[in-house]
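Reader: I'd love a close look at one part of this model, the place where the two chains meet. Could you walk me through that contact and then set it in the context of each chain?

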Amino acid sequence: MSSSNLQSPIPEPPVMPAEVTIQRSTSFRDDALRRFKKNPTAIFGLVIVILFLLLAIFGRQLTPFDPFAQNIRNAHQAPGGEHLLGTDFFGRDVLSRIIYGARISLFVGVSVVTIQAAIGVVVGLVAGYYGGKIEAVMMRLVDAFIAFPGIILAMAIMAVRGQGIENVIFALSFAGWPTFARLVRSEVISLKEREYVQAARGLGFHDAKIMFKHILPNCLATIIVYATMGIANPIIAEAGLSFLGLGATSEQATWGFQMSLERQYMRTAWWGVTFPGLAVMIVVLGFNLLGDGLRDVLDPRMKE
Amino acid sequence: MHIYIMKRLLQAIPVIFLVTVLTFSLVHLVPGDPALMRAGEDATAEQVEAIREAMGLNEPIYKQYTKWVSGIMRGDMGYSLQDGRPVFSTLIQRLPATMKLVMASFIVSIGIGVPVGILSAVKQNTFADSFARVFALLGISMPNFWMGLMLMLIFSYSLRMLPASGSGTLAHLIMPAIALGMPGAGIITRLTRSSMLEVMKQDYIRTARAKGLRRQLVIYKHALKNAMLPVVTVIGVQLGSRLGGSVIVESIFAYPGIGRFAYTRLLARDYPMIMGNLFIFAMIFILINLITDILYGFLEPRIRYD
């Protein structure tokens, strides 16, 4: 609490306000970039995310072994030998399967968050902008959605629709959009009384234009921050669903799926479940760190 | 205050109505044929038809819905497709075990999150702070089922200290509670830290310090009390993900709660049971959040005027 007044000495005599605006030559973008660069944890998160994105894009070229090649005689080789992270029950290379799984995991994470954000933005904009009865109805619907534990909602949908990554994406998007709607709505409520919105209204712009052209761009920072951190949720959820046998199919070998296969051999081959789970944790950590960093940079109000 | 409570109660009614609509439409309107899924791929057309009849799927959709809702009002959620037992009593029977687990997981989250968060805030920008923040981040990033498996690997298989499955004793509860509670511990650590830092900037804290109160006293008596407010709400908010997490964690540890039961019935496509389960979980969530909202109204009078 003892904030000292001995900050850096002022080099020049106080300048006139007019000059201050001239001196302030860094744009928001430059300033944000500068702050991001000074944030080592955010950089670390970015590095993790880029690494996994590269694995996802070039995965098939990078796998040391064919992730689907079975060789029972090679089953459950311990890590460290020819197979860096060992082999699974079918003698498949665990590292190769993890690299292969990165693509699906990231694809699920990014596409689910995109769909959630799209629905959430529309609902949040309309509810926040119009208020009144429209808002009341929409937000009660959001409350009802949020009352269900997301994973169970997703599991129930998977039970009705059957396994497969497309269904996982549908189920997780369906279960997760309300959080975005709440977020956008609260942003819109604080923005819609601003002068520029009133000016736009005074100029006779129609509501859709005001919402999407004037209000939405100003919510974007918050949405980007939340979406980045939010990618972690579907990645964990997909792993959980697949682990329970309600997610990916065997052709879509994801990390969670691999863990569900190897779980029964955990006692003798600990690496089978450990490494795929570690992959989930690292990628989630990456998105969380990056999201935290972006929040500090883009939206100082939300700072921890 | 009465008005505030009444308002909250009235708000819950449309939400509960929408919860019934959602639960019902999930099974009946989502593309995919529940009867076909229930019967399995090699069922004959007659078998599928028989299941459709048993599930009442041949009636018009609105009739099925009103039948289901009027049943709920009488505490009748229909009967299991698998063993014919009443849905409501079967589920309620398994609820206490899960509530015990969820409670234990909150003890883990709060017991770890609050002290670590305070430490982190009080010793801001020190090594202890960095350590606490890394700890919180790892807790948040770890999938709960993976954490459960790792605990099992270490404490059951390697060290042989704790039982890997079952229930009954406190030892059975430790690992599931940690697996379920750790992500929350991370969230509560961060929340406690940020709200402590926020509160410690306030004027009344400076006043308390200025009039000569000891730093310790100010932190624990004045700051902590107010910093705990957001933690109260987060418990309500997190309840949903705890109930959801219980499905996976209970399955891993073969813990006989409602979560593991829900999972087995999901795999068996026991639709009345699935619907009953969704509905009960949603009702618990609404009820607990109503309680935390009202509690919050008592703790923070300003909120009532929102």
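Author: Happy to; what follows starts at the contact, moves to the core, and then takes each chain in turn.

Please keep in mind that this is a predicted model. The contact draws 37 residues from chain A and 44 residues from chain B. On the chain A side, the elements that supply two or more residues are helix 5 (132–147), helix 6 (150–161), helix 10 (232–243) and helix 12 (271–298) of chain A. Helix 6 of chain A gives the largest share of that side, with nine residues. By residue type, the side of chain A that touches chain B has 26 nonpolar, five polar and six charged residues.

A good residue to zoom in on is A:I152. Setting aside neighbours within four places in sequence, A:I152 is in contact with B:G244, B:V247, B:A262, B:L278 and B:F281. A:I152 also belongs to the largest nonpolar core, which has 170 residues. Within that core, A:I152, A:A154, A:M155, A:A156 and A:V280 are the residues that touch the most other members. The element of chain A that contributes most to this core is helix 4 (residues 94–130), which gives 18 residues.

Now for chain A as a whole. Chain A is built from twelve helices and has zero strands, so its pattern along the sequence, with helices and strands taken as DSSP runs, reads α-α-α-α-α-α-α-α-α-α-α-α. Of its 304 residues, 48% count as buried. Among contacts in chain A with a separation of 6 or more, 70% are accounted for by residues 24 or more positions apart. An unreviewed UniProt entry places the feature "domain: ABC transmembrane type-1" at residues 102–291 of chain A. Over residues 102–291 the chain is 83% helix and 0% strand, and the end C-alpha atoms lie 19 Å apart.

As a computational chemist you will want to know how far to trust each piece. The mean pLDDT of chain A is 84, and 89% of the residues score at least 70. Helix 10 of chain A, one of the elements listed for the contact, has the highest mean pLDDT among the elements of chain A, at 93. The lowest belongs to helix 1 (residues 17–23) of chain A, at 51. Residues 1–9 of chain A stay under 50 in pLDDT, and the model has three contacts beyond four places in sequence for them.

On the other side of the contact, chain B has 13 helices and zero strands. From the N terminus on, its elements run α-α-α-α-α-α-α-α-α-α-α-α-α. The C-alpha atoms of chain B fill a box of roughly 85 × 55 × 30 Å along the principal axes. Buried residues make up 41% of the 306 residues in chain B. Of the contacts in chain B between residues at least 6 apart in sequence, 73% join residues at least 24 apart.

UniProt, again in an unreviewed entry, annotates "transmembrane region" at residues 12–30, 101–122, 134–158, 170–191 and 278–299 of chain B. Two of these spans can be described further. Residues 170–191 of chain B are 100% helix and 0% strand, with end C-alpha atoms 29 Å apart. Residues 278–299 of chain B are likewise 100% helix and 0% strand, and their end C-alpha atoms are 31 Å apart. That brings us back to where we began: B:L278 and B:F281 are among the contacts of A:I152.

Technical notes
Residues are numbered from 1 along each chain as its sequence is written. Chains are lettered from A and ligands numbered from 1 in the order in which they are written. This is a predicted model: local features need pLDDT of at least 70, side-chain atom pairs count only at pLDDT 80 or more; totals for chains, interfaces and linings use all residues. Two residues are in contact if their C-beta atoms, placed from the backbone, lie within 7 Å. Helices (H or I, at least four residues) and strands (E, at least two) are DSSP runs, numbered from the N terminus. Ala, Val, Leu, Ile, Met, Phe, Trp, Tyr, Cys and Pro count as nonpolar, Asp, Glu, Lys and Arg as charged, and the others, Gly among them, as polar. UniProt positions are given in the numbering used here, feature names are shortened, and annotations may be inferred rather than shown by experiment. A nonpolar core is a set of buried Ala, Val, Leu, Ile, Met, Phe, Trp, Tyr and Cys residues joined through C-beta atoms within 7 Å. A residue is buried if 20 or more other C-beta atoms lie within 10 Å of its own, exposed if 12 or fewer, and partly exposed in between; C-beta atoms are placed from the backbone. pLDDT is the predictor's confidence in each residue, from 0 to 100.
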